[in-house]
Every structure is written in structure tokens, then in C-alpha cells.
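Good morning, everyone, and thank you for making the time. I would like to walk you through one structure, going slowly for those who have not seen it before.

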Amino acid sequence: MGTDIDGAIEIRSDDGPWQFEVDLLDFRLGRDHEVWDCLFGVRGTGDVERPLFADRGLPRDVSDPVREACVGDYQHSHTYATWAEVVAVDWDAPLSDGPAWHWAGRWRPGDDGELVLDGVVWATPDLGEVAADTFGGDLLLSPSQWPPDGEVRLGGLVYRPVVPTGRILAPPDRAPWDQVWKAMRDLAAEHGDDCVRLVVWFG
């Protein structure tokens with residue numbers, strides 16, 4: 001069995017009780033373990049040492065519909081973030097103290113011939129084997145074991161060690177999470193940044 005994300009966006013008006021506003025399932029987020037690890041510390045590989053909004057539990061003043069939906073035998077890893085907290089995120093800040101073990105940055109030539117970051121990918125055994133040939137050694141080398149400026153060429157692409165950041169693992173302008181942030185931003189324009197929050201859980 002896999003893990004799925006669930007949740008809701010809540011609002012609060014005039015310091016009243018929190019109210020359910022948007023079902024997170026409406027955004028069809030699917031399963032994206034890199035995003036979950038970055039934002040909520042769920043289904044992680046250990047490469048993200050400081051997830052953005054992990055292990056907060058369920059807000060004590062959560063709305064009744066959300067409480068009824070998220071408390072059960074199979075729901076876990078409850079956490080939340082207000083729009084004010086999301087706005088304050090430095091998406092370029094490192095989320096760990098060194099390069100990732102399991103992921104590598106993938107670079108491809110851009111239109112001008114310069115290398116452009118094309119996302120973060122799982123460091124496959126093939127990549128480790130080429131790394132061992134490139135840098136020496138009998139073991140398949142993880143990107144975190146490569147020289148600081150080392151890079152591996154495979155299939156016309158360039159792979160380099162990468163220190164996880166929010167912008168790399170969960171770009172705020174990438175679908176489908178950009179729609180979650182837009183919904184929160186629009187609601188915050190009416191209710192205030194501290195009066196809109198995302199509550200999530202997994203099951």
C-alpha cells in the first residue's frame with residue numbers, strides 16, 4: 001500500500017473560529033515524495049534535514065469538518081502552515097548541511113549552449129557506476145561522495161551534487177502546488193495572511 005496526502009485550506013474571519021474552505025483533494029496533487037519530504041518531512045530519504053512545515057500536529061482549534069476527516073486509525077503526520085509562514089519561506093535556503101545522498105542535480109544544454117538545471121533526479125545505479133569510473137573507486141558512488149565540484153556525464157546530460165532547497169524539490173511556481181499557493185494567496189487577500197492556513201495529513 002502507498003501513502004496519500006489529504007488536507008484542507010481553512011480561513012478565519014474577524015478572529016472567529018477557523019472554517020473549512022477548500023478540500024486539498026480538489027487540486028489532484030497525486031503522490032510526489034520529493035515535495036512531501038521538502039514541505040512536510042513525510043516519505044523522506046533522510047536527505048532533507050530541515051523540512052519546512054513538519055511535525056506540527058493538528059492545530060488545536062482546527063475546524064470541525066477537518067477534525068472529523070483527519071482523525072482516524074490510518075491518518076498520520078498531521079501538520080499545518082499559515083499563508084504568512086508560506087510567504088516567509090526562503091525557497092533557496094539549504095534544507096540540509098551537505099549534498100543529497102539519493103538525488104543529483106541534472107543539467108542539460110540550454111538554447112545558448114550553457115548548462116541549465118533540469119531538475120533533481122534519483123541517483124540510479126547507472127549514475128553511481130559512471131561516477132565510480134569517473135572519480136575512481138570500487139563502489140557505486142552516491143552524489144554526496146563526489147568531489148565538491150565533481151560532475152558526471154551520462155546520456156548527453158550532466159549530473160552534479162546538489163544541496164536540497166525548497167526551490168529545487170518543491171518549486172512554488174510548479175503545478176500542481178502552484179494552484180494550492182494561489183488559492184491561499186487569493187484567500188489571504190480577503191482575510192489576511194495569518195487567517196488562512198493549510199492543514200495536511202497522510203494515510
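Let me begin with a question: is W181 buried or exposed? What we are looking at is a predicted model, and in this model W181 has a relative accessible area of 5%, which makes this residue buried, since the cut-off for that word is under 20%.

W181 has a partner in W177, and both of these residues lie in helix α6, four places apart, or about one turn of the helix. As a general point, an α-helix has 3.6 residues a turn, so residues three or four places apart point the same way. The ring centres of W177 and W181 are 5.5 Å apart, and because their planes meet at 40 degrees, the pair is described as tilted. W177 is itself buried, with a relative accessible area of 6%.

W177 also pairs with F40, and this second pair is again tilted, with 6.0 Å from centre to centre and 50 degrees between the planes. Here the partners come from distant parts of the chain, since F40 belongs to helix α1, residues 33-40, while W177 belongs to helix α6, residues 177-191, and 137 residues separate them. If we step back, there are six aromatic pairs in the structure, and ring pairs join W36, F40, W91, W177, W181 and F202 into a cluster.

Let me turn to the charged residues, where the structure has 13 salt bridges. In one of them R197 meets E10, with the closest N and O atoms 2.6 Å apart. R197 is in strand β8, residues 196-202, and E10 is in strand β1, residues 5-11, so this salt bridge ties together parts that lie 187 residues apart in sequence. Both partners are buried, R197 with a relative accessible area of 4% and E10 with 0%. Salt bridges with shared partners also bring in D61, so to speak, as E10, D61 and R197 are joined into one network.

A second salt bridge links R56 and E85, whose closest N and O atoms are 2.8 Å apart. R56 sits in the loop between α1 and α2, and E85 sits in helix α3, so the pair connects parts that are 29 residues apart in sequence. In contrast to the buried pair, R56 is partly exposed at 31% relative accessibility, and E85 is partly exposed as well, at 28%. R56 also lies over the face of Y80, at 5.5 Å from the ring centre.

My last stop is helix α4, in which L127, G128, A131 and A132 are buried. On which side of α4 do they lie? They cover an arc of only 140 degrees around the axis, and therefore they are on the same side of the helix. That buried set packs against β4, β6 and β7, whereas the face turned away from the buried side carries D126 and D133, which are exposed.

Between α4 and β6 there is a loop, and G150 is found in it. G150 is buried, at 8% relative accessible area, and, leaving out residues up to four places away in sequence, G150 touches F135, Y159, R160 and P161. One of these contacts, R160, has its charged end over the ring of W107, 4.7 Å from the ring centre. S142 lies in this loop too, and S142 is buried, at 7% relative accessibility.

Conventions. Residues numbered from 1 in each chain as written. Predicted model: local features only at pLDDT ≥ 70, side-chain atom pairs only at ≥ 80, totals over all residues. Heavy atoms only, no water. Phe/Tyr/Trp six-rings, centres within 6.5 Å; stacked < 30°, edge-to-face > 60°. Helix = DSSP H or I, 4+ residues; strand = E, 2+ residues; numbered from the N terminus. Buried < 20%, exposed > 50% of the residue type's maximum accessible area, 1.4 Å probe, protein only. Lys NZ or Arg CZ within 6 Å of the ring centre and 35° of its normal. Contact = heavy atoms within 4.5 Å. Arc of directions from axis to C-beta. Salt bridge = Lys/Arg side-chain N within 4 Å of Asp/Glu carboxyl O.
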